[in-house]
Amino acid sequence: MVKIAPSLLSADFSCLGKEIEDVTEAGADLIHFDVMDGHFVPNLTFGPMVLSAIRKYSPLPFEAHLMITEPEKYWKNFADSGADIIGIHIECEINHRELIEEIKKYGKNACIVINPPTPVEKIYPLLDIVDEVLIMTVNPGFGGQKFIFDVVPKIEKIKETKEKKQLEFDIEVDGGINNQTVKIAREAGANIIVAGSYIFKSKNYREAIESLR
Ligand code: DX5
Ligand code: ZN
């Protein structure tokens, strides 16, 4: 059974609390919170204060997808604001293993995120310690982009490696997901599906979420 994670990036920011209640009610499994710093990606979104203000609107797990150059400086702020899963990019110049261990020691789940142009082999050394692998299916920064089909073999490779090594992590995809592209992602091995514009621009959140399962 796949899990569906609506990305708040495409929600109505003037009523985030209500949007979160609505997708929770509509059957979402977790809430995806996209953090952008204007450096790692050419866009800005929200920080830990917004997360702590909206946290109470849903009992679901929240995941903070940190598209920021210095995740080691800020991840704890998101953890303390109510994020249950912390996603850090392999493209950041940090000691990933150390940071992931720190996140886990703090009682949170750790996710390694990889951009479309980055070779999938880069994350192999971390697969034994992560709870989740997030394979970006668009270049991060904006909602509403087109699914990059070239990324699909990466999902397959991660799934293959996971099975071969009998590892436990979840495989998540993010970007350009709709009721068609989701089939390709699921077939390749994804079991957590992030969708922003497809869900929040739809008329019926429940139907949109169900159509991704
Ligand atoms: C993109 C973000 C995504 C974004 C996806 O940088 O990481 O989570 O919200 O949006 P859609 O589903 O519209 O492509
Ligand atoms: Zn995201």
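## A tour of two pockets and a ligand

The second largest pocket holds about 200 Å³ of space, and since this is a predicted model, treat the stops below as places to look in a prediction. To find this pocket, select Val35, Met36, Asp37, Ile68 and Tyr74, which lie nearest its centre among the 13 residues that line it. Now colour strand E2 and helix H3 (71-80): each supplies at least two residues of that lining. By class, the lining has eight nonpolar, three polar and two charged residues.

Next, move to the largest pocket, with about 320 Å³ of space. Of its 29 lining residues, Gly143, Gly144, Gln145, Gly175 and Gly176 are the closest to the centre. E2, E3, E8 and helix H7 (197-200) each give at least two residues to this lining, which divides into 13 nonpolar, 13 polar and three charged residues.

Ligand 1 sits in the largest pocket, so select it now. Strands E2 (31-36), E3 (62-67) and E8 (192-195) are the elements that give two or more residues to the shell around ligand 1. E2 contributes the largest share, three residues.

Show side chains around ligand 1. Of the 20 residues there, Ser7, Asp34, Gly141, Asp174 and Ser197 come nearest. The shell comprises eight nonpolar, ten polar and two charged residues.

Which side chains place an N or O atom by an oxygen atom of ligand 1? Try these three:

- Ser197, at 2.5 Å
- Asp34, at 2.7 Å
- His32, at 3.4 Å

Finally, switch on a surface: the protein covers 100% of the 380 Å² of accessible area that ligand 1 has on its own.

Terms used: Residues numbered from 1 in each chain as written. Chains lettered and ligands numbered in written order. Predicted model: local features only at pLDDT ≥ 70, side-chain atom pairs only at ≥ 80, totals over all residues. Heavy atoms only, no water. Near = heavy atom within 4 Å. Polar contact = N/O pair within 3.5 Å; in protein donor to acceptor, adjacent residues only side chain to side chain. Areas by Shrake-Rupley, 256 points an atom, 1.4 Å probe, with all protein chains shown as cover. 1 Å grid on protein atoms, 1.4 Å probe; cavity = no way out; pocket = protein on both sides within 12 Å on 5 of 7 lines; lining within 4 Å. Sits in = over half its atoms within 2 Å of the grid points. Helix = DSSP H or I, 4+ residues; strand = E, 2+ residues; numbered from the N terminus. Nonpolar A, V, L, I, M, F, W, Y, C, P; charged D, E, K, R; others polar. Points joined across faces, edges and corners; volume = space filled by probe spheres on them.
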